[in-house]
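Colleague: I would like to learn how to read a sheet, a nonpolar core and a single residue's surroundings from a model. Could we go through them one by one?

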Amino acid sequence: MSTPDQVPPASHPASSDCEEIDRRTVIRGAGVVGASVVGAAALAAGGLSSPASGAAVSGRYVIKKSAIPVGGGKVFAAHKVVVTQPTAGKFKAFSAVCTHQGCTVARVAHGTIDCPCHGSKFDMTTGRVKAGPANSPLHAKAVKVTGGSITIG
Ligand code: FES
């Protein structure tokens, strides 16, 4: 039975990346992180699911450490975040928005974060430009490692 006071669930135009984070990567309700962080992640996930127009998006995310390969990284395109693990246990996060013309970087390979649009490459440890045409580094994001999770934001 429904009442006029009931509010339908918020629509969630999730992209595949958002689904990926929701289902496999974001730790929901984990004991190691506070409810506010998880709430912020869930809020951010919902709020970021609409396409951004190349702008860096703020928000907090909680990601399983195991989702990020050592010596590599992962791009969360829907959230405009790229997370790397240059060496075991050392995590870095950057805006995934290329500083050249705002494309979303596509991959982390061979020590660089690569933009598919015009070929810019950024150092996976520092975010600095390794190959242009970009001439500014990727914007770093704060990373906090707690137990098996990484909080970014
Ligand atoms: S937008 Fe990334 S290289 Fe041009």
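The dialogue below takes up the sheet, then the core, then one residue.

Modeller: Before that, note that this is a predicted model, in which local features need pLDDT of at least 70 and side-chain atom pairs count only at pLDDT 80 or more, while totals for chains, interfaces and linings use all residues. Residues are numbered from 1 along each chain as its sequence is written.

Colleague: In what order do the four strands form the open sheet?

Modeller: Strands here are DSSP runs of E with at least two residues, numbered from the N terminus, and two of them pair if DSSP finds at least two bridges between them. On that basis the order is β2-β3-β4-β9, with antiparallel pairing. The edges are held by β2 (72-76) and β9 (140-141), each of which has a single partner strand, so one side of each is left without a neighbour in the sheet.

Colleague: How many bridges join β3 to β4?

Modeller: Strand β3 (residues 81-87) is joined to β4 by five bridges, and one bridge pair is Thr84 with Lys92 in β4. The two strands form a hairpin with two residues between them, and Gly89 in this turn has a positive phi of about 85°. On the pairing of β4 (residues 90-95) with β9, there are two bridges, again antiparallel; Phe94 stands opposite Ala140, and Ala93 stands opposite Lys141.

Colleague: Which residues touch the most other members of the largest nonpolar core?

Modeller: In soluble globular proteins, nonpolar side chains tend to be buried together. A nonpolar core is a set of buried Ala, Val, Leu, Ile, Met, Phe, Trp, Tyr and Cys residues joined through C-beta atoms within 7 Å, where buried means that 20 or more other C-beta atoms lie within 10 Å of a residue's own, exposed means 12 or fewer, and partly exposed lies in between, with C-beta atoms placed from the backbone. The largest core has 25 residues, of which Val81, Val82, Val83, Ala96, Val105, Ile113 and Ile152 touch the most other members. At least two core residues come from each of β1 (61-64), β2, β3, β4 and β11 (149-152).

Colleague: Is Asp123 buried or partly exposed?

Modeller: Asp123, found in strand β7 (residues 121-123), is partly exposed, with 18 other C-beta atoms within 10 Å.
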